[in-house]
Amino acid sequence: MFEDFSLVPPDPILKLIVEHKNDSRTNKIDLGVGVFRDATGNTPIMEVVKEAEHYLLDTQQSKAYIGLAGDADFNSAMQNLILDQNITDDRFSTIQTAGGSTSLRVAIELMRKSSKDLTVWVSEPTWNNHIPILDSVGVKVAKYPYYDAVNNQLDFEKLIECLNKIPSGDVVLLHACCHNPTGMDPSPDQWKVITDIIVKRNIIPFIDNAYQGLANSLSEDAFAVKLMAGKVREMLIASSCSKNFGLYRDRAGTLTIVSENAKTNLHTRSHVLKIVRTMCSVPPDHGCAVVSHILNNDKLRNRWIIELNAVKNRLKEMRALLNQALNDRATEFDSSHLIKANGMFSYLGVTAEQVQEMKIKHGVYMEGAGRINVAGITKENVNILADAIVDVL
Ligand code: LMR
């Protein structure tokens, strides 16, 4: 049955975990997969998460299935967080999913169900798992310009020019904040322009919301989502709790459906639940139960925001530190884009060959196009890193 299978190449981001682990050099640096690291290089469990886990251990009475849509308290707390408001409008509904990727997959299955001839536009570049997820459902993928790799900035003009040509009814996949892989986000004014075009052309926004709270405040990072939700007829939002709660392996996320009216929302939701049933039967509980306990308890919620701010601040500090270290080396290389970008990632501005050279010669690991996870930078390794960058440049 399987004898004709050829070998599938490993995922370019996930393979870096193994490569870095197997590298015996003591001064190796991991700027690969998107997980937060503290100043000692560890990916810690947030204190509030630990506390919520203890609470669950002590109080949870059953491991029976939760329903297809997950836990109602979790869903409404997440909906309020994602949309930065208390929603009472039944044009909106949120369901629990096994992390952000499952949410993306469920959403695309849903869209494909409604239109066999669907085109989804993704930013060029985008997260390296977006296109494989879209391909796995069999929708057409098109690309909109996003990043000006010569000047290391958002290519807003080209983005707008393209949006203005996208046919009505097509879907545009947007990153709510902390664009993965470039870290370059539209400003609030630019989001307003984008939203106006989306409304005018009747394009369906599909938002990947994986980094809320890692660029600015939770509310500021919800700006685009909130703006669009108030203006568009329909929209889907795939959210993840992997990064902002540090729950990577526990797979906590949501899918939010924004519909024209309550009736279409109810009907759409029923299709979503049918897809979930065939995909994973029911969503996993643990990570979402942790999030629900935190978000629905004022004291824990406030402490979570403090911990999240520390994560965000460390990312900003490490951006500044690398920029400074590169400036100190007085090369021609302009690294100022590092401090303009948001969240975990930036494009460093090096070639694929230079990425390979940094890995082989210096033990510095980053995704093939030169995406760095700034959380991998520390005060101890920043000079080694800056030297390696200058060397390959
Ligand atoms: C990343 O982009 O590195 C993360 O979202 C992890 C992943 O699954 O790719």
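In this predicted model, the shell of residues around the ligand draws on two domains, with at least three residues from each of domain 1 (12-45 + 313-392) and domain 2 (65-296). These two domains are the ones given by the domain assignment of the chain. Their centres, taken over C-alpha atoms, are separated by 28 Å. The contact between them takes 20 residues from domain 1 and 18 residues from domain 2.

The ligand itself is located in the largest pocket. Its surroundings consist of Ile13, Val33, Gly34, Trp127, Asn180, Tyr211, Lys243, Phe345 and Arg371. Classified by residue type, this shell contains five nonpolar, two polar and two charged residues. Gly34 and Asn180 are members of the shell and count as polar, while Lys243 and Arg371, also members, count as charged.

Polar contacts to the ligand were examined at the level of individual side chains. An N or O atom in the side chain of Trp127 lies 3.0 Å from an oxygen atom of the ligand. For Asn180, a side-chain N or O atom is likewise found 3.0 Å from a ligand oxygen atom. In the case of Lys243, the distance between a side-chain N or O atom and an oxygen atom of the ligand is 3.1 Å. Each of these distances falls within the 3.5 Å limit for a polar contact. On its own, the ligand has 260 Å² of accessible area, of which the protein covers 81%.

Note on methods:
Residues numbered from 1 in each chain as written. Predicted model: local features only at pLDDT ≥ 70, side-chain atom pairs only at ≥ 80, totals over all residues. Heavy atoms only, no water. Near = heavy atom within 4 Å. Polar contact = N/O pair within 3.5 Å; in protein donor to acceptor, adjacent residues only side chain to side chain. Areas by Shrake-Rupley, 256 points an atom, 1.4 Å probe, with all protein chains shown as cover. 1 Å grid on protein atoms, 1.4 Å probe; cavity = no way out; pocket = protein on both sides within 12 Å on 5 of 7 lines; lining within 4 Å. Sits in = over half its atoms within 2 Å of the grid points. Domains from an automatic or database assignment. Contact = heavy atoms within 4.5 Å.
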